[in-house]
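Thanks for coming. I have one structure to go through today, so let me put it on the screen.

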Amino acid sequence: MAGFHPVVEGEDMEKIVKKASTLFLPKPVALITTSHGGRDNVMTAAWVNVACMEPPQVAVAVRESRFTHELIKGSGEFVVNLPSRDLWRAVDLCGMVSGRNRDKFRLAGLTRGEAREVCAPLVAECPLNIECRVSAELPLGSHTLFVGLVLAVHLSAACEGERGAVDVEAFQPLVLNHREYWDMGRRLGRFGETASELEVVP
Ligand SMILES: Cc1cc2nc3c(=O)[nH]c(=O)nc-3n(C[C@H](O)[C@H](O)[C@H](O)COP(=O)(O)O)c2cc1C
């Protein structure tokens, strides 16, 4: 494996043992939209992830007290909307107040877009919208993990990169890092780049 350098030589390997928590993992933050019984809503969620490739599924962890929880339970649907960094103030606001008694779209200056497969609206300002139907739900404690089968994906034409990928520089995703909003920084390398150094085919 000559020539393969996983980390900078001499990097400090000392670890601090932290209290068991989930807050320190930097990750993209989303807006979850829902609709049921003539009401719709938009809620900020950082605990969103890909759950399965085939069939394509994503998962979001939602606390039972959220209005969003009620609307997902009622409709069996939700949309994951990925904002760009410019939307960070709207994202923050949608995580500060409940939509139970207020229209957060109006409050945050967001526009409802039309979904293809679900009743919930899209957030038109978000460059990426993922329409989902609940395929599984797991009550884990404070939060329920809703797994959603991806029914349709909308990507802003301006954010389409090479070979159908997302152009991250055009998209400028918003990242949450321990109660702070960040952008994503710079490109570091290509998926599978190390394989050529190891002389294996990925
Ligand atoms: C950055 C950020 C990330 C959040 N992530 C989540 C999350 O993943 N799951 C969750 O249940 N609540 C999360 N919240 C809290 C909800 O967004 C918040 O309680 C919201 O007011 C609930 O809205 P609703 O009652 O209209 O559904 C987050 C809040 C912020 C500001």
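I will take the sheets, then the helix, then the ligand.

This is a predicted model, in which local features need pLDDT of at least 70, side-chain atom pairs count only at pLDDT 80 or more, and totals for chains, interfaces and linings use all residues. Residues are numbered from 1 along each chain as its sequence is written.

Two terms before we start. Helices (H or I, at least four residues) and strands (E, at least two) are DSSP runs, numbered from the N terminus. Two strands pair if DSSP finds at least two bridges between them.

One open sheet has 7 strands in the order S3-S2-S6-S9-S10-S5-S4, and the pairing is antiparallel. S3 and strand S4, residues 48–52, are its edge strands, each pairing on one side only. On average, neighbouring strands here are turned by 35° against each other, direction ignored; axes are lines fitted to C-alpha atoms, for helices over the stretch in contact, and angles run from 0 to 180 degrees between N-to-C directions.

Within that sheet, strand S9 (128–139) and strand S10 (143–155) run antiparallel and are joined by 11 bridges. Glu 131 has Ala 152 in S10 as its bridge partner.

Now S2. It is joined to S3 by 7 bridges, again antiparallel, and Ala 30 is partnered with Ala 45 in S3. The hairpin of S2 and S3 has 2 residues between the strands, and Gly 37 there takes a positive phi near 55°. With S6, S2 pairs over 3 bridges in the antiparallel sense; Ile 32 stands opposite Val 80 in S6. Of the 7 residues in S2, 6 are buried, meaning that 20 or more other C-beta atoms, placed from the backbone, lie within 10 Å of the residue's own.

Helix H1 lies across S2, S3, S5, S6, S9 and S10, at about 55° to S2. Contact here means C-beta atoms, placed from the backbone, within 7 Å.

The other open sheet has 3 strands, ordered S1-S11-S12, with antiparallel pairing. S1 (27–28) and S12 (180–183) are at the edges with a single partner strand each, so one side of each has no neighbour in the sheet. S11 and S12 are joined by 4 bridges, and Leu 174 stands opposite Asp 183 in S12.

Last, what surrounds the ligand? There are 21 residues, the closest being Trp 47, Thr 68, Gly 95, Ser 98 and Gly 99; near means a C-beta atom, placed from the backbone, within 6 Å. S3, S5 and H1 each give two or more residues to this shell, and S3 gives the most, with 4.

Methods: Contact = placed C-beta atoms within 7 Å. Buried ≥ 20, exposed ≤ 12 C-beta atoms within 10 Å, placed from the backbone.
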